Amino acid sequence: MARASSTEEEAVSAEEMLAAQAQVYNVVMGHIGTMCLKSAIELNILEIVHNAHVLSHSDLLSKLPNVPPWKSPFVHRIMRLLAQMGYFKIGNKDEEVLYSLTPLSKMFLLKNKPLSLSPYLGLLTPPWTNVWYSLSDWLQSDGKGCMFEFEHGKSTWDIASHNPELNSGFNEAMAADSRVIMKAVVDQCSEAFKGLHTLVDVGGGTGTSALAIAQAHPGLKCTVYDLPHVIASVPPNSLIDAISGNMFESIPQADAIFLKWILHDWTDEDCVKILKKCKDAIPNGGGKVIIVDFVLNDNKNSSETFTQLLFDASMMAYTDGKERTEYEWKRIFLDAGFTDYKITPIGLRSLIEVFP
Ligand SMILES: C[S@@+](CC[C@H](N)C(=O)[O-])C[C@H]1O[C@@H](n2cnc3c(N)ncnc32)[C@H](O)[C@@H]1O
């Protein structure tokens with residue numbers, strides 16, 4: 001086998017060296033694929049292709065009137081990359097290039113589909129993305145606060161409360177996530193909600209999770225509780241109530257408090273404060289807190305761990321929180337005065353029932 005170098009330290013084969021180089025390039029340029037997908041979503045290319053079922057390249061261009069004809073090859077090159085990433089299928093007929101969607105993009109990226117995650121790609125804009133250019137400066141600075149605060153001078157929630165566009169983009173992304181995970185929660189974890197008469201979804205955004213629980217458990221009265229600028233956007237709905245407030249000050253009484261993607265936004269000390277407020281809000285006998293969040297996987301080689309660690313890094317960027325191992329969860333539960341907990345894995349995340 002050909003050797004790339006004769007020194008022992010660099011004794012890798014040429015094949016190994018080139019494969020490693022490709023791996024580094026894939027990481028360095030990963031954001032390019034992401035931005036191409038974002039653009040395809042912005043230009044409604046997925047809807048255009050889906051409506052036709054199978055669409056030729058020339059027909060696609062005719063439905064993109066703002067793209068000048070001379071940019072036709074660029075559109076094809078973007079489609080080719082997205083096909084390589086698994087979002088389109090590309091075929092040929094009579095020298096025409098034909099596009100169609102894959103099951104993945106049909107289910108998760110078409111805007112009007114119930115499980116669409118397309119709002120999540122909307123977060124790939126400033127002020128979310130530019131914080132990453134400050135990572136090294138932030139690490140070397142002595143100031144408190146996350147990267148978002150370092151870059152923008154205010155917390156994520158403060159900025160959202162003053163910027164309606166950012167607020168609605170963020171709320172839509174959260175709702176998109178909730179539509180997917182809550183389908184699994186209500187299907188796989190219905191036992192966790194049995195016997196409850198009232199539930200408050202604290203930090204529940206615009207009510208998607210509360211609504212999913214209320215629909216799955218008709219006898220359970222669900223309320224969404226969040227900051228005023230978020231509650232102002234809750235769509236009117238007869239199945240759930242909406243109350244605005246600050247969870248660090250008070251939490252409405254209920255049999256169960258639901259916390260989805262809340263505690264990973266906060267430090268251990270803040271989590272203990274929130275959990276103590278939750279404990280005050282539920283009955284000592286029969287009450288519980290139901291958390292949907294990541295429990296960091298012990299299997300460091302799994303692809304799930306990679307996704308969990310990406311979320312952990314994003315918590316570092318946008319909040320003062322982090323993703324936690326079971327041991328770290330247990331510590332904050334005990335510090336807040338709870339005595340027991342039960343973890344049920346659901347995909348990348350877990351449903352954690354915490355008992356007083
Ligand atoms: C990461 S989002 C999760 C939203 C929702 N639970 C979900 O998973 O789709 C965090 C939520 O906590 C809310 N929040 C932040 N600080 C809060 C506070 N002090 N009191 C109540 N809600 C708060 C935010 O407005 C936001 O809706």
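Leaving aside its neighbours within four places in sequence, which residues is glutamate 96 in contact with? Keep that one in mind while we get our bearings. What you're looking at is a predicted model. The protein chain has 356 residues, and 43% of them are buried. It is built from 16 helices and 10 strands, and its C-alpha trace spans about 70 × 60 × 40 Å along the principal axes. If you take the contacts between residues at least 6 apart in sequence, 59% of them join residues at least 24 apart.

Now for two stretches that come with a label. An unreviewed UniProt entry annotates residues 29–109 as "domain: O-methyltransferase dimerisation". That span is 57% helix and 17% strand, and its end C-alpha atoms are 22 Å apart. The annotation "domain: O-methyltransferase C-terminal", also from an unreviewed UniProt entry, covers residues 132–338. Here the figures are 46% helix and 14% strand, with 37 Å between the end C-alpha atoms.

Let's look at a small sheet. Three strands line up in the order S1-S3-S2, making an open sheet with antiparallel pairing. Strands S1 (55–56) and S2 (88–93) stand at the edges with a single partner strand each, so one side of each has no neighbour in the sheet. S2 and S3 are joined in the antiparallel sense by six bridges, and you can spot isoleucine 90 standing opposite tyrosine 99 in S3. Helix H5 (residues 72–84) packs on this sheet and touches S2 and S3, with its direction at about 120° to that of S2. Then there's helix H3 (residues 45–52), which lies across S1, S2 and S3 and runs at about 100° to S3.

Back to glutamate 96, then. You'll find this residue in strand S3, which covers residues 96–101. The answer to the opening question is Ser56, His57, Ser58 and Gly91. With serine 58 there's a polar contact, side chain to side chain, at 2.7 Å. Is glutamate 96 buried, exposed or partly exposed? Its relative accessibility is 28%, so it counts as partly exposed. For a sense of scale, follow the chain for 232 residues to glutamate 328: the C-alpha atoms of these two glutamates are separated by 57 Å.

Next door, glutamate 95 sits in the loop between S2 and S3. Its phi is near 65°, a positive value in a residue other than glycine. At 82% relative accessibility, glutamate 95 counts as exposed. Histidine 53 is another residue with a positive phi that isn't a glycine, at about 75°. You can find histidine 53 in the loop between H3 and S1, and it counts as exposed because its relative accessibility is 58%.

One more backbone detail is worth a look. Proline 126 and proline 127 are joined by a cis peptide bond, with omega about 5°. Proline 127 belongs to the loop between helix H7 (118–121) and helix H8 (135–139).

Finally, which residues are closest to the ligand? There are 19 residues around it, and the closest are Gly203, Asp226, Asn246, Met247 and Lys260. Zoom in on some individual atoms. One nitrogen atom of the ligand is 2.7 Å from a polar backbone atom of glycine 203. A ligand nitrogen is also 2.9 Å from an N or O atom in the side chain of asparagine 246. As for oxygen, a ligand oxygen atom is 2.9 Å from an N or O atom in the side chain of serine 178.

Note on methods: Residues are numbered from 1 along each chain as its sequence is written. This is a predicted model: local features need pLDDT of at least 70, side-chain atom pairs count only at pLDDT 80 or more; totals for chains, interfaces and linings use all residues. Side-chain values use heavy atoms; hydrogens and water are left out. UniProt positions are given in the numbering used here, feature names are shortened, and annotations may be inferred rather than shown by experiment. Helices (H or I, at least four residues) and strands (E, at least two) are DSSP runs, numbered from the N terminus. Buried means under 20% relative accessible area, exposed over 50%, partly exposed in between (1.4 Å probe, protein chains only). Contact means heavy atoms within 4.5 Å. A polar contact is a pair of N or O atoms within 3.5 Å; within protein, one must be able to donate a hydrogen and the other to accept it, and residues adjacent in sequence count only if both atoms are side-chain atoms. Two strands pair if DSSP finds at least two bridges between them. Axes are lines fitted to C-alpha atoms, for helices over the stretch in contact, and angles run from 0 to 180 degrees between N-to-C directions. A residue is near a molecule or strand if one of its heavy atoms lies within 4 Å of it.
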